[in-house]
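Student: I am new to this structure and should like to understand the terms used to describe it. May we look at it together?

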Amino acid sequence: MMVEPLVTVIMPAYNHGPYIENCFDSIINQTYQNIELIVINDGSKDDTNEKIIGYEDRLKKRFSNFIHISKENEGICKTLNLGLSLAKGEYIIPFASDDVMFSHRISKQVAYLEENPQFGMVYADCCDVESDDYLTEEYPYDENRLFSKRMNLVEGVLFDFMLDNVFLMPTPTLCIRKDCYDKV
């Protein structure tokens, strides 16, 4: 039996108390098993950190490794960099604490990258969801909210695409080889 490569999900959390439990559930329900979860509360002023603590037992049981850090607010860049410095996975998934993922997401992305070693990252289309909605695999999402309705998603060399679409890039769907971060 082949061992699955470790995937590190880095979750910066800031004032996402109403959403973080749905986010956790979507990661817990992944069909992919070998996941390290790093959750960094970036100085939330709401009940985000309390909700993280309330989920800790489930997260420790489910994931290969679970790290929870609560720190003063420093912003997304420093928070993600801290997560990267702790990550042990071969693949990195930066994932906001107000997002959710379908259950086969990590399995499909890792399989693709394993079969295509020439690529450093993979991403997919995603759907904007109203704050009060919770998107599940059974939920009939509105195709008009897909990122691909607002932009052309491209494949191949993504450098120019990422520079031109920094605010539209479907970042909730990124899966990146850790060695790409190491090189940068």
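Tutor: Accessible areas come from the Shrake-Rupley method with a 1.4 Å probe, and for residues only the protein chains shown count as cover. By this method the accessible surface of the protein comes to about 10,400 Å², and 53% of that surface belongs to carbon and sulfur atoms. The model is predicted: local features need pLDDT of at least 70, side-chain atom pairs count only at pLDDT 80 or more, and totals for chains, interfaces and linings use all residues. Residues are numbered from 1 along each chain as its sequence is written, and side-chain values use heavy atoms, with hydrogens and water left out.

Student: What makes up the pattern along the sequence?

Tutor: The pattern reads β-α-β-α-β-α-β-α-β-α-β-α, with six helices and six strands. These are DSSP runs, numbered from the N terminus: helices are H or I, at least four residues, and strands are E, at least two.

Student: Why is the largest nonpolar core called a nonpolar core?

Tutor: Because such a core is a set of buried Ala, Val, Leu, Ile, Met, Phe, Trp, Tyr and Cys residues joined through side-chain atoms within 4.5 Å; buried means under 20% relative accessible area, exposed over 50%, partly exposed in between (1.4 Å probe, protein chains only). The largest has 27 residues, and Val9, Met11 and Phe24 are among those with the most contacts inside it.

Student: Which helix gives the largest share of this core?

Tutor: Helix H1 does, with five residues.
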